[in-house]
Amino acid sequence: MNTRREFLLATGAIALAVHCRPSEATPATMQEAIRKVVGDAEIRRGKVKLDLPPLIDNGNVIALAVSVDSPMTPAEHVKAIHVFNEKNPQPNVISATLGPRAGRAGLSTRIRLADSQTVIAIAQLSDGSFWQASQDVIVTVAACAEEIS
Amino acid sequence: MARAVVTVPPKAKRGEIIEIRTLVGHPMESGFRHDNFGRPIARNIITQFVCTYNGTEIFRADLFPAISANPLLAFTTVATETGTLEFKWTGDNDFALTATAPIAVD
C-alpha cells in the first residue's frame, strides 16, 4: 500500500465487495460446479487458450474468447467448452456444445464479473479428456455495483 | 420484441471455415440485483442458444446470468452445402426468438 491511488483502489474494492455480499460463489462452489460437469476425470493444463483482458474497467461487459488446440476431425475434436468463475453469485458462465463441424474449436462472447477473481475455461475432448486454462483478472467496477434508477 | 442480428458470410467455398456472429437484444437481468426499494428483481435471462445448419445442430450454448446484456456469441463452422442457418434463443418468461441466414456454397 504505497500510494494513495492503491489505497483508494483497495478501499473501493472492499466497498464494492461488501455491496454484493448477499450471495457470492466461492472457489469451493466453483469447484463443485466444475466437478458436476467433469465428474472424477482429471483436468490437465494446456491446449485451451483463454483470452480475457487482465485489467477490466467495466465488469458488465468483458470480451471473452476461448480457443482450443484441436484438429476438429470426427475422430478427434472438442465436444464442449465450459467457462467458470470464482466470485460471481453463480459459478457458471457458459457451457457450449460443439463438434467436428465447427472447423475451429472456439467461441467468443461477453461476460459479467462481480469482482477481481480467477476465470477458468475447460474443454472436453472427444477422447474424454479435460483440459483447462485459467486467467486472473482485476475488475475495477463490478457488475453488481450498477444500480437501477 | 427483441431483435437479433446475425452475421454470416453470404457466400463461401466448400470446406471453408466461416465465422458466425450473433447478437440479440435482451436485458439478461441476473436475478441478483435489487430495485430502489430493496426488492429483488426477478431473473430474466436467455438460457439456451442453438444453431442448426440445414437442420443439423452445429452449435449449442447454455447461458447463465454471468453473460452480459445483449448476448453476443461468435463461433465457426465449416461451409458444407448451400442452405440455411437457423438460430434459436430461448429463455425465462417464455422468451423465444428465431433468426435465419442463407448461405451459398460453391
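Visitor: How many bridges join β4(A) to β7(A), and in which sense do they run?

Guide: This is a predicted model. In it, β4(A) and β7(A) are joined by seven bridges and run antiparallel.

Visitor: Which residue in β7(A) is the bridge partner of A:Ala65?

Guide: The partner of A:Ala65 in β7(A) is A:Ser108. A:Ala65 also has a bridge partner in β2(A), for in β4(A) it is matched with A:Asp51.

Visitor: How many bridges link β2(A) and β4(A)?

Guide: There are four bridges between β2(A) and strand β4, residues 62-68 of chain A, and the pairing is antiparallel.

Visitor: What about β7(A): what does it pair with in chain B?

Guide: β7(A) pairs with strand β6 of chain B, which covers residues 72-78. This pairing is antiparallel and rests on two bridges. Within it, A:Thr109 stands opposite B:Leu73.

Visitor: Why is β7(A) described as largely enclosed?

Guide: Five of its seven residues are buried, so β7(A) is largely enclosed by the rest of the structure.

Visitor: In what order do the strands of the open sheet come?

Guide: The sheet has six strands, in the order β2(A)-β4(A)-β7(A)-β6(B)-β3(B)-β1(B), with antiparallel pairing. From one strand to the next, the twist averages 15°.

Visitor: Which strands stand at the edges, and why is one side of each left without a neighbour?

Guide: The edge strands are β2 of chain A, residues 48-51, and β1 of chain B, residues 4-7. Each has a single partner strand, so one of its sides has no neighbour in the sheet.

Visitor: Where do side chains go in a strand?

Guide: As a general rule, the side chains of a regular strand alternate between the two faces of the sheet.

Visitor: Changing topic: how many residues does each chain give to the contact?

Guide: Chain A contributes 28 residues and chain B contributes 24 residues. On the side of chain A that touches chain B, the elements giving two or more residues are β6 (92-97) and β7 (105-111).

Visitor: How many residues on that side of chain A are nonpolar, polar and charged?

Guide: The side of chain A that touches chain B has eleven nonpolar residues, 13 polar ones and four charged ones.

Visitor: And β6(A): which strand of chain B does it pair with?

Guide: β6(A) pairs with strand β5 of chain B, residues 56-63, in the antiparallel sense over four bridges. One matched pair there is A:Ser95 with B:Asp62.

Visitor: Let us look at A:Asn85. Is it buried or exposed?

Guide: A:Asn85 has 26 C-beta neighbours inside 10 Å, and 20 or more are needed for a residue to be called buried, so A:Asn85 counts as buried. A:Asn85 lies in strand β5 of chain A, residues 78-85.

Visitor: Which residues is A:Asn85 in contact with, leaving aside its neighbours within four places in sequence?

Guide: Its contacts in chain A include A:Met30, A:Pro91, A:Val93 and A:Leu113, and B:Ala66 is a contact from chain B. A:Asn85 and A:Asp115 are 30 residues apart along the chain, and their C-alpha atoms are separated by 9.9 Å.

Visitor: Finally, how many helices and strands does chain B have?

Guide: Chain B has zero helices and eight strands. Its C-alpha trace spans about 60 × 20 × 20 Å along the principal axes.

Visitor: What percentage of chain B is made up of buried residues?

Guide: Buried residues account for 30% of the 106 residues in chain B. Of the contacts in chain B between residues at least 6 apart in sequence, 57% join residues at least 24 apart.

How values were computed: Residues numbered from 1 in each chain as written. Chains lettered and ligands numbered in written order. Predicted model: local features only at pLDDT ≥ 70, side-chain atom pairs only at ≥ 80, totals over all residues. Contact = placed C-beta atoms within 7 Å. Nonpolar A, V, L, I, M, F, W, Y, C, P; charged D, E, K, R; others polar. Pairing = 2+ DSSP bridges. Axes fitted to C-alpha atoms, helices over the stretch in contact; angles between N-to-C directions. Buried ≥ 20, exposed ≤ 12 C-beta atoms within 10 Å, placed from the backbone.
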